[in-house]
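Trainee: Could you show me how to read pockets and surface patches, taking one feature at a time?

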Amino acid sequence: MLPFLFFVIVYYFVKVIFNQFTKTSVDLSFNYFLASFVYYRGYSSQPLWFLAVLMLLMLMYPLFRYLCGSKFRMAAFLLFCCVIYFIDTDLESPWNVFYILELHHYLVYFFFGIFFFRFKWYNYLSNKIALPILLLLYITGYACSVPLFTSLTGILLMCSICLHIDRYVPTLFSSFRDYIFPIYLMSWLFQTFVELILWKQLCNSESLFLVFYAVNLLSGLFIPVLICKVIERCPIRLVRLFFGLQ
């Protein structure tokens, strides 16, 4: 909750400062500012919808605890999540506060993660035969246009790839892998600056596109990491929590 509240405020005032450069302008009004905490589409807080959904999912913790007491309950609920995933909702509805009308589209992934760790599927994904099987399943799902199946097998495939990488090159992503959440929170700010200010306003040369693409990617990864390194030294825990750090 704390990173969500903090970065909704940060995103709003950053977009106000750079309003003339942004793709979607923001209103300098108290009503717009308050609305950006509960609505996201078309607001400065749009990239933070994930945190609102995550907070709602975490409120279901007692239910998840209950479900984890029985394999049958877990399997039945996962099937239920898969069924409601296909329900269409109106994202422009005024009832879509905290992105609640999209909750069922992400509940299946959240509970799939609980399912994954509850039954220790990672023990199977490190097997060499798992990689080609999952790749085949992913390609099949993609070719047959089954989005949910493709996404779930894709998640398992990426987990399997990471487990195999960890076996041979365990330090490959060590420079940023401990800061994935803060990177999610802050990368948009720096990548937007590279794209809309450095690229569009100061350079705008197609010959340097790949250079700025690399700068965009690296700034989104490593500037948040540098900020985290500084914030981690702060003795005030509340400040660290604002940035998604312990």
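**Reading the pocket and the surface**

Mentor: Please keep in mind that this is a predicted model. The largest pocket is lined by Trp49, Phe50, Val53, Leu54, Leu57, Tyr106, Tyr109, Phe110, Ile180, Phe181 and Tyr184, and the elements that each give two or more residues to this lining are helix H3 (49-58), helix H6 (103-118) and helix H10 (180-203).

Trainee: How is such a space found, and what volume does the largest pocket have?

Mentor: Rolling a probe the size of a water molecule over the atoms shows where empty space is left. Here the largest pocket has a volume of about 470 Å³.

Trainee: Which element gives the largest share of the lining, and how do the lining residues divide by character?

Mentor: The largest share, five residues, comes from H3, while the lining as a whole divides into 11 nonpolar residues, with no polar and no charged ones.

Trainee: Is Phe112 buried or exposed?

Mentor: Phe112, which lies in helix H6, is buried, because its relative accessible area is 8% and buried means under 20%. Between Phe112 and Ala75 there are 9.9 Å in space, C-alpha to C-alpha, although the two are 37 residues apart in sequence.

Trainee: Which residues form a nonpolar patch on the surface?

Mentor: That patch is made of Ile129, Ile133, Leu137, Val146 and Phe149, which together have about 410 Å² of accessible area. One of them, Val146, sits in the loop between helix H8 (130-143) and helix H9 (147-168), and Val146 counts as partly exposed because its relative accessibility is 36%, between the cut-offs of 20% and 50%.

Terms used. Residues are numbered from 1 along each chain as its sequence is written. This is a predicted model: local features need pLDDT of at least 70, side-chain atom pairs count only at pLDDT 80 or more; totals for chains, interfaces and linings use all residues. Side-chain values use heavy atoms; hydrogens and water are left out. On a 1 Å grid over the protein atoms alone, a cavity is a set of points where a 1.4 Å probe fits but cannot get out, and a pocket is an open set with protein on both sides within 12 Å along at least five of seven lines; lining residues have an atom within 4 Å of a point. Grid points are joined across faces, edges and corners, and a volume is the space filled by probe spheres set on the points. Helices (H or I, at least four residues) and strands (E, at least two) are DSSP runs, numbered from the N terminus. Ala, Val, Leu, Ile, Met, Phe, Trp, Tyr, Cys and Pro count as nonpolar, Asp, Glu, Lys and Arg as charged, and the others, Gly among them, as polar. Patches are made of residues with over 30% relative accessible area and no salt bridge: like charges are joined within 9 Å, nonpolar side chains (Val, Leu, Ile, Met, Phe, Trp, Tyr) within 5 Å. Accessible areas come from the Shrake-Rupley method with a 1.4 Å probe; for residues, only the protein chains shown count as cover. A salt bridge is a side-chain nitrogen of Lys or Arg within 4 Å of a carboxyl oxygen of Asp or Glu. Buried means under 20% relative accessible area, exposed over 50%, partly exposed in between (1.4 Å probe, protein chains only).
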